[in-house]
Structures are given as C-alpha cells and as structure tokens.
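Here is a short tour of a single protein chain, written for someone who likes to have the numbers beside the picture. Take a look at the sequence and the model first, and then read on.

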Amino acid sequence: MSTQSVDPADRIDFWEEHNRQALVGLTCSSYSQKGLLATETNVELGDLRLAEIDGNEHVIERTPRICQSLPKESIFVTLLTEGCGVFFHEGGCVTLQTGDLILYDTRRPYLFGFPSPMRQLLIDIPREVFAAQCAPGEVSAPLLLGKGSAAEGAQASALEAELNKWVTQQGGEDSAGTQATVLKLVRTLAAPRLGGSAPPAVLSQLAVAEDYIARHLADPGLSAGRVAEAIGVSARHLSRIFQPTGVSPSRYILEQRLGKARQVLADPGSRHLTIAEVAHRWGFASQAHFTRVFRSHFGRTPGETRPLRS
C-alpha cells in the first residue's frame with residue numbers, strides 16, 4: 001500500500017484508515033511540503049504479522065483516547081533500518097538511530113516521530129503469543145534492544161536478517177521455522193529485561209552465528225573462535241550450536257566461502273576477475289590453498305568451473 005497515487009490532501013486520512021485496519025489505530029502528521037509519502041507492505045508470518053514501512057518525515061501517535069476506542073492487544077518490535085526517530089511515552093523519550101530495535105506495548109500511548117526519510121521493519125506479536133513464548137512480564141516502558149553487548153548486537157542483526165529475508169521473499173514455505181527463530185531471538189533479547197530467563201535457544205544462537213559469519217565472510221581473520229567471542233559463547237558451546245548443521249563451525253565457514261567463490265567463478269560477468277582475486281575476495285589467504293580445497297570439495301578446479309567463452 002502506498003500514498004504515492006493518492007491526492008496529497010487525502011494522504012493522511014488514507015494512511016490512518018489503512019493502518020487502523022491492517023496494523024493499529026493511530027493519528028499521523030506530515031511535515032514535508034510534498035505531503036506524506038509512505039509505503040507499507042504487510043506479510044503474514046504464522047501467528048505474527050510483519051510490516052515493512054518506509055516514508056518521508058512524519059509523526060504517528062497512538063493517543064490515550066485511541067488506545068481506549070481502538071484497543072490492540074499486541075507487543076510491537078520495531079527495527080529502524082534507515083533514518084532516525086524519537087519515541088515519546090509516558091515515562092520520557094527514547095532516541096533511535098539506524099539499526100536500533102525498540103519493543104513496546106500497543107495498550108500504552110506513544111508518539112513516534114521521524115525527522116528524515118525512514119524505513120522500519122515491525123513485528124506485530126499478539127500479547128498471548130509474546131507472554132507464552134517470549135516473556136511473561138509486563139512491558140511497562142519501551143525497551144531499546146541490541147545495545148547492551150556485542151552479543152546482543154549480533155542477535156539484533158540476526159533478527160534483522162531473518163525479517164529482511166521474509167519481506168524479500170514475500171513470505172515463504174517455512175513460516176513455522178521462521179516464526180520460531182524470530183520469537184526465540186526476541187525472547188533472547190527481551191526476557192532478561194522483563195524478569196524472565198533467556199532460552200537455551202540453540203536455534204536462535206545458530207541464526208546469530210550464521211548471520212555473523214555471512215557478514216564477515218570476506219574477512220581472512222574470520223574463525224570459529226572469533227564467531228564464539230562475537231556471540232558471547234565458548235568455542236565448545238559454539239560446536240554444540242552447529243551440531244544441527246552436521247558440520248563444525250570451521251567447516252561451515254569454509255563451505256560458505258567456497259559456495260560464494262563458486263558463484264562468482266560461474267558468473268560470466270566475473271571473468272575479468274582472476275582466480276587469485278576471487279580467492280582473496282572470499283577470505284582465502286592464498287590461491288594455492290583455495291585451489292586445493294575447492295577441488296577437494298567440488299571435484300574440479302576453479303578454472304574448470306568458469307563458463308566457456310562463446
């Protein structure tokens with residue numbers, strides 16, 4: 001849904017009505033001379049709803065009166081992926097920058113302002129689902145998550161990766177698996193702040209580890225030890241986390257690098273890159289080592305993988 005084709009004078013009413021039906025009751029104000037330019041995509045995720053929202057500078061508010069007249073029994077988790085924001089609530093305000101994650105209760109009034117173009121990913125978690133699978137405590141004030149430690153930041157990044165993947169695919173086949181991963185990541189982040197205990201959550205820890213590896217795959221210094229340190233576990237525990245994959249963390253890193261390198265080599269548009277450049281791009285210290293492990297894994301050399309010239 002987009003306001004782009006709506007008459008500028010009608011955009012606010014259009015946006016408020018859409019959100020009242022699709023997400024939550026609120027009021028909206030625009031501070032742009034162009035009027036409100038906003039787009040929202042809603043995707044079902046099992047018991048959850050995921051919304052991708054982008055727009056120019058604007059403010060939304062869920063007033064006490066709206067909370068009473070249009071009740072909403074959900075916990076929202078909002079990840080700001082572009083821009084910045086200010087979140088006002090009964091106890092004060094929270095300033096958000098790109099990459100910040102905020103969790104809040106839709107039963108409580110709030111105002112969310114965006115002074116510049118923004119994009120957010122919002123998870124709508126029904127209250128009963130949140131209480132049963134994330135944390136039983138009351139969300140009496142908004143929680144800013146992902147800033148407490150390097151491990152917490154990695155968990156927030158893994159959550160962003162899961163959400164972006166689901167939005168990009170417009171859903172998918174494994175909604176139950178994705179929902180479980182999302183809820184476990186939210187629980188891992190929120191439960192300690194709400195008087196609950198973080199889950200054993202090997203699944204969520206695996207998602208965090210895989211996300212960290214994907215973002216650092218080109219770094220020659222990436223190792224199982226660095227992954228363990230980044231997500232806040234011991235090297236032994238990291239090995240246990242990777243047991244469901246059937247490979248060790250080190251082997252997983254190697255296979256991911258080899259897979260990326262093979263994609264580049266098979267792409268006719270990458271013929272200008274030498275094999276040494278491809279090896280270096282995906283974290284291999286030398287062409288000789290790359291060629292040896294590539295042939296062992298795929299049964300052919302990097303050169304044999306390249307498409308024939310037409």
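Contacts in this predicted model reach far along the sequence: of those between residues at least 6 apart, 67% join residues at least 24 apart. The secondary structure behind them consists of twelve helices and eleven strands. Along the principal axes, the C-alpha atoms fill a box of roughly 70 × 50 × 30 Å.

Now for the surface and the charges. The chain has 310 residues, and 48% of them are buried. About 14800 Å² is exposed, with carbon and sulfur atoms supplying 50% of that area. There are 31 positive and 33 negative charges, and the mean positions of the two sets lie 10 Å apart.

Next, the interior. How many cavities of 30 Å³ or more does a search of the whole structure find? The search gives two, and the largest cavity holds about 130 Å³ of space. Its lining counts 17 residues, of which Leu23, Leu26, Ile53, Ile60 and Gln120 are the closest to the centre. Two or more lining residues come from each of helix H1 (11-22) and the strands E4 (58-62), E5 (74-82), E9 (110-114) and E10 (118-126). Strand E9 gives the largest share of this lining, with three residues.

Two serines make a handy pair for a closer look. Ser32 sits in the loop that runs between strand E1 (27-30) and strand E2 (38-45), while Ser175 belongs to helix H5, which spans residues 175-190. Their relative accessible areas are set out here.

| Residue | Relative accessible area | Class |
|---|---|---|
| Ser32 | 18% | buried |
| Ser175 | 26% | partly exposed |

Why does Ser32 count as buried? Its relative accessible area is 18%, and buried means under 20%, so Ser32 falls in that class. Ser175 has 26%, a value between the 20% and 50% cut-offs, and is therefore partly exposed.

The surroundings of each serine complete the picture. Leaving out residues up to four places away in sequence, Ser32 touches Asn56 and Glu57. Ser32 and Glu57 are 25 residues apart along the chain, with 6.2 Å between their C-alpha atoms. For Ser175, the contacts beyond four places in sequence are Leu45, Gly46 and Trp166. Ser175 and Gly25, in turn, are 150 residues apart in sequence, and their C-alpha atoms are 26 Å apart in space.

Conventions. Residues numbered from 1 in each chain as written. Predicted model: local features only at pLDDT ≥ 70, side-chain atom pairs only at ≥ 80, totals over all residues. Heavy atoms only, no water. Helix = DSSP H or I, 4+ residues; strand = E, 2+ residues; numbered from the N terminus. Buried < 20%, exposed > 50% of the residue type's maximum accessible area, 1.4 Å probe, protein only. Contact = heavy atoms within 4.5 Å. Areas by Shrake-Rupley, 256 points an atom, 1.4 Å probe, with all protein chains shown as cover. Lys, Arg positive; Asp, Glu negative; His and termini not counted. Charge placed at Lys NZ, Arg CZ, Asp CG, Glu CD. 1 Å grid on protein atoms, 1.4 Å probe; cavity = no way out; pocket = protein on both sides within 12 Å on 5 of 7 lines; lining within 4 Å. Points joined across faces, edges and corners; volume = space filled by probe spheres on them.
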